[in-house]
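User: I'd like to go through this model with you and understand the terms behind it. Could you take my questions one by one?

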Amino acid sequence: MSDWADDELASSNWWRTRISDIAPGSIRYHGYAVQDLIGNIGFAEMIWLMLRGDLPTPRQGALLEAALMSAVDHGPQAPSIAISRMAMTCGVSLNNAMGSAVNVLGDVHGGAGEQAVALYQEIAGDIESGTETSAAVRKGLDAFIARHGKYISGFGHRFHPIDPRAIRLLELVDQAVANGEVSGRYAAIARTVETELQARKQRPIPMNIDGATAVIYAELGFPPALARGLFCLSRSVGILAHAWEQAQQGGRNKGPIPRQYLPAYDGHPPRDFPTGR
């Protein structure tokens, strides 16, 4: 083989992908021509295709869409949303504001769904190994607390006594179970976690949006890391909407608190600069 042929082969193999097949006049995703997809599937179904390699059933696509839709926005009290608005008042573009906001979707704000899926899957693994469900839940919670601390991802909410989004999502999961689209095993595990937390705390610790979307992502077979990626996709819509609204409202250099409120200072008291230095 000539050096030219070797270089061409090396170049063509520089990136390898099973996702997109692009050639002059042809665009295919996992084998499907883009022109056949346009107008025939929705965005949630396209997300499924890109991540999973095939099309979901209509009910699977609808359940994924419900999870994505439910987490779009939680107002400027959510750090990611507030950051998108602050960024716009600094004179940046929409993509800069969106990037700034998405970059704070970490373990505390944005990662709860990933952690909840991992918790559910760990409990499910113990159940498959023969551990009784309640015992598996107790073991899983103890291990989670040892790793992450006392806050259980997906349960409780700093603002909502009961998260209305979680209630509706679980209704949809129950419908999907009744229709035979998902097994319901992760919904049962999540509800058992909720019961165990109430027994431990002696008060209700209801499932929140992250716990409920984690149920859906686990039921649909998405691994934990993709739960965070899917949340980022979902919240990006709210981030864009708030950034755009702030751009229309105007404003310059708006910080996280109104300027008449000063942050608490607990450093050294006022002192004179030493003379004779």
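User: What makes the residues around the largest cavity its lining?

Analyst: On a 1 Å grid over the protein atoms alone, a cavity is a set of points where a 1.4 Å probe fits but cannot get out, and a lining residue has an atom within 4 Å of a point. Ala67, Ala71, Gly110, Gly113, Asp210, Thr213, Tyr217, Ala227, Phe231 and Ser234 line the largest cavity. The model is predicted: local features need pLDDT of at least 70 and side-chain atom pairs 80 or more, while totals for chains, interfaces and linings use all residues. Numbering starts from 1 along each chain as its sequence is written, and side-chain values use heavy atoms, without hydrogens and water.

User: Which helices each supply at least two residues of that lining?

Analyst: Those are α11 (209-219) and α12 (224-249); helices here are DSSP runs of H or I with at least four residues, numbered from the N terminus.

User: Why are α4 and α9 called roughly antiparallel?

Analyst: Happy to explain! Helix α4 (residues 58-70) and helix α9 (residues 164-178) pack at about 175°, with axes 11 Å apart. Axes are lines fitted to C-alpha atoms over the stretch in contact, and angles run from 0 to 180 degrees between N-to-C directions. Angles over 145 degrees count as roughly antiparallel, so α4 and α9 earn that description.

User: Which residues make the contact?

Analyst: With contact meaning heavy atoms within 4.5 Å, α4 brings Leu63, Ala66, Ala67 and Ser70, and α9 brings Arg165, Leu169, Leu172, Val173 and Ala176.

How values were computed: On a 1 Å grid over the protein atoms alone, a cavity is a set of points where a 1.4 Å probe fits but cannot get out, and a pocket is an open set with protein on both sides within 12 Å along at least five of seven lines; lining residues have an atom within 4 Å of a point. Angles under 35 degrees count as roughly parallel, over 145 as roughly antiparallel, 65 to 115 as roughly perpendicular and the rest as oblique.
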